[in-house]
Amino acid sequence: ENITLEDVMNAMDSIADGTFSLDPEAAEQVENEVKAQKAELNRGNGSVGGVGGGGGGGIAPGNVSNGVEEKTLDNMDKSELNAELDKSETTLSDKQKKLSNVLNGSDPTLVSLKKDEEEAYEKYNKELKESDKELAKELDDIVSDINDKEKEISAKEKEISNKETEVSENETAYKNATATVQNLEMSMQALKAVDTSEMDEDRKNELNALISNLEKELDSAKEKEKSAKEELDKSKEDLNDAKEEKEELISGKGGLDELNDQKAELESTIEKKYPEIKEYMDAYNDAKDEYTRTKDRLTTEARKEVEEAQDYVSEVKTAINNYDNKEKAKEYNFGTFGKEILDFAKTFIGCNEADGSANKFVAAWGTTAAATPWCAAFVDYVMSNSGEYDNVPDWYKNIDNKWYCPNVYSAANAAGAVISAQEAQQGDIVLFDFNGDGTMDHIGIVDSNDGNTIVTIEGNTSNQVAQRSYNINDGKLKFCRIAA
C-alpha cells in the first residue's frame, strides 16, 4: 500500500533499463508518487518559525536535493577564475605543443610513416640507379628540393598557427577593452543622472569626486581600447602576410606545386623507359601519400583542439574582465542600487496567499504560498528579478538554499556582511530573531532608515507582501549588507 522513495527509485532504474513494467493503474500510482517525492525533496521537511499570522523562517534544509550550486564561469569568484585561467592556459600550451609536433613532423605516428617513406624511396632510387644513374641523380635532386620545400611550408604553417593564436588573444583583449569602456560609460551615465536636488554639500562633493575619478578611468580605458584595436589590426595583417607567403611557397615560381609537376613528369619518363621499376615507384608514392594524408588529418585535429582550448581561454579571460567590470561598477554605485531593488519590491505590495498572487514567489519549487513559508522566497525573487542581480554580492548568490533564513544569516556572517542597525540602508536584508536564540525566523528588505525607525518590505507577513516599521533599537532585528 505504501510506496517508499527507495521503491520509486528502484522502479525508475528498472524502467530505464527495460526490465520493469506495470499495469496502467499501478504505473499512474508510481508516476504520481514520483512527482510527490520530487516536490518533497525540493521543499525539504524541516521545521519553520512563525510571524504575523503566517510568517516564517523559510524552508528548512530537511532533504533539499538541489545540492551545491554547480561552478561555472558566471558564478566563480576572482581566485577561482584565476585558477581556471591558469589551468586553461596550461591546456592550451599542451595543445599547441601537440600541433607543433605534427607540423614539424616529430609526432610519433609521423616519424614512423616518414621512415617508411624514406625506406621505400631508397629501394626505388637504388633500382633506378642500377638502370640509369643520370635519371636517379635527377630524381634525387628533385625529391631533395621537394623535402626542403615541405620543411619551409611546415615552418610557415607553425608561424601561421602562432599568429592565429596571437590574433585570437588580441581579439579577446580588444573585446574586453571595449566592454570595459562601455561599462564605465554606463557608470558615468548613472552618476550624472543622480538627483542632487536634496543632497547636502558633502554628498554632492562625494558625487563630483566620483565623476572626476571616473572620467580619468574612462580616458585611460579608451586609450587601452585604441591600443588593443591597433594591435589586433597589426596581428591580422601579419597573419595575412604569413598566409600569402605560405601560398607562394606552394604555388609560386619554384614552389611545391611546380616541383611536384617536375617530379611527375620525370617519373612518367622513368616509367616508360624502365617499366620494371614501377612497383618501387608506386610503393614510394603510396608511402608518401600516406604520410601526407596522415599529417593533414592530424594537423586538422590538432588545430581544432588548439582552437577549442583558445576559445575557452578567451571565455575565462572575458569572465575575469566581466568580474572586474562588475566590481568597478560597484565603486561608482552612488546609492541607486538599493533604490532599484526597493522600487521593484514595492510593485508586489498586496500580493497575498488568498488570491494566489503570491504564488509566483514559490513557483520554482512547484508549490503554493499558502502551503509554504515564503518570506525568504520573496526576498530571493526580488533580488533575482529586479534587474540588479549582477550587483547582488556573491555571498548571497552562492547560498545553497536561500529560502531558509538561518542559511542567509550564516552566509552573511561568514562573508563579513552582517552590519549594525545604524548602517542599514535601502536594499539591505533585515532578519528577525523572534525567540532571541540566534536562529533567524523571518526575513525582509530594508526600505528606509532615518536613524530612529527602520521601514521594511516583507513577504509572508500576515500572509501578504507589506511594509512594516520597527524601532531601530529593536533587538530582534539583524541586518546584512546587500547594497553597494
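This passage walks through the fold, the sheet, the main pocket and a few buried spots of the structure.

The model is a predicted one. Its protein chain has 484 residues, 42% of which count as buried. Twelve helices and six strands make up the secondary structure of the chain. Among contacts with a separation of 6 or more, 68% link residues that sit 24 or more positions apart. As for the outside, the accessible surface adds up to about 25700 Å², with carbon and sulfur atoms supplying 45% of that area.

Start with the sheet. The six strands line up in the order E1-E6-E2-E3-E4-E5, forming an open sheet with antiparallel pairing. E1 and E5 are the edge strands, and each has a single partner strand, so one side of each lacks a neighbour in the sheet. In general, strands of a sheet are held in pairs by backbone hydrogen bonds, and the pairing can be parallel or antiparallel.

Strand E2 (429-432) pairs on both sides. With E6, the pairing is antiparallel over four bridges, and Ile429 has Cys480 of E6 as its bridge partner. With E3, E2 again forms four bridges in the antiparallel sense; here Leu431 is bridged to Ile443 of E3, while Phe432 stands opposite His442 of that strand. The side chains of a regular strand alternate between the two faces of the sheet. E2 shows two such sets: Ile429 and Leu431 point one way, Val430 and Phe432 point the other way, and all of these residues are buried.

Next along the sheet, strand E3 (residues 442-449) is joined to E4 by five bridges, antiparallel once more. Ile445 finds its bridge partner in Ile457 of E4. The E3 and E4 hairpin has three residues between the strands, and Gly451 adopts a positive phi near 95 degrees there. Strand E4 (residues 453-461) has eight of its nine residues buried, so the rest of the structure largely encloses it. On to strand E5 (residues 464-471): E4 and E5 pair over seven bridges, also in the antiparallel sense. Ile457 turns up again here, with Gln467 in E5 as its bridge partner. The E4 and E5 hairpin has two residues between the strands, and Ser462 has a positive phi near 55 degrees in that hairpin.

Helix H12 (residues 405-414) contributes a set of buried residues, namely Cys405, Pro406, Val408, Tyr409, Ala411 and Ala412. These residues pack against a mix of elements: the helices H10 (375-385) and H11 (394-397), and the strands E1 (418-419), E2, E3 and E6 (477-480). After H12 comes Gly416, with a positive phi near 70 degrees.

Now for the pocket. As a general point, empty space can be found by rolling a probe the size of a water molecule over the atoms. The largest pocket of this model has a volume of about 700 Å³. It is lined by 30 residues, and those closest to its centre are Lys114, Glu150, Ser154, Tyr291 and Lys295. Two or more lining residues come from each of the helices H4 (108-131), H5 (133-192), H6 (201-251), H7 (256-273) and H8 (278-331). H5 gives the largest share, with nine residues. By residue type, the lining divides into 13 charged, nine polar and eight nonpolar residues.

Two buried residues in the helical part are worth a look. Leu259 belongs to helix H7. Its relative accessibility is 9%, and because the cut-off for buried is under 20%, Leu259 counts as buried. Leaving aside residues up to four places away in sequence, Leu259 touches Ile142, Asp145, Ile146, Lys149 and Gly254. Ile142 lies 117 residues from Leu259 along the chain, yet their C-alpha atoms are separated by 6.8 Å.

Gln310, for its part, is found in helix H8. With 4% relative accessibility, this residue counts as buried too. Its contacts, again not counting residues up to four places away in sequence, are with Leu92, Thr165, Ser168 and Glu169.

Terms used:
Residues are numbered from 1 along each chain as its sequence is written. This is a predicted model: local features need pLDDT of at least 70, side-chain atom pairs count only at pLDDT 80 or more; totals for chains, interfaces and linings use all residues. Side-chain values use heavy atoms; hydrogens and water are left out. Buried means under 20% relative accessible area, exposed over 50%, partly exposed in between (1.4 Å probe, protein chains only). Contact means heavy atoms within 4.5 Å. Accessible areas come from the Shrake-Rupley method with a 1.4 Å probe; for residues, only the protein chains shown count as cover. Two strands pair if DSSP finds at least two bridges between them. On a 1 Å grid over the protein atoms alone, a cavity is a set of points where a 1.4 Å probe fits but cannot get out, and a pocket is an open set with protein on both sides within 12 Å along at least five of seven lines; lining residues have an atom within 4 Å of a point. Grid points are joined across faces, edges and corners, and a volume is the space filled by probe spheres set on the points. Ala, Val, Leu, Ile, Met, Phe, Trp, Tyr, Cys and Pro count as nonpolar, Asp, Glu, Lys and Arg as charged, and the others, Gly among them, as polar.
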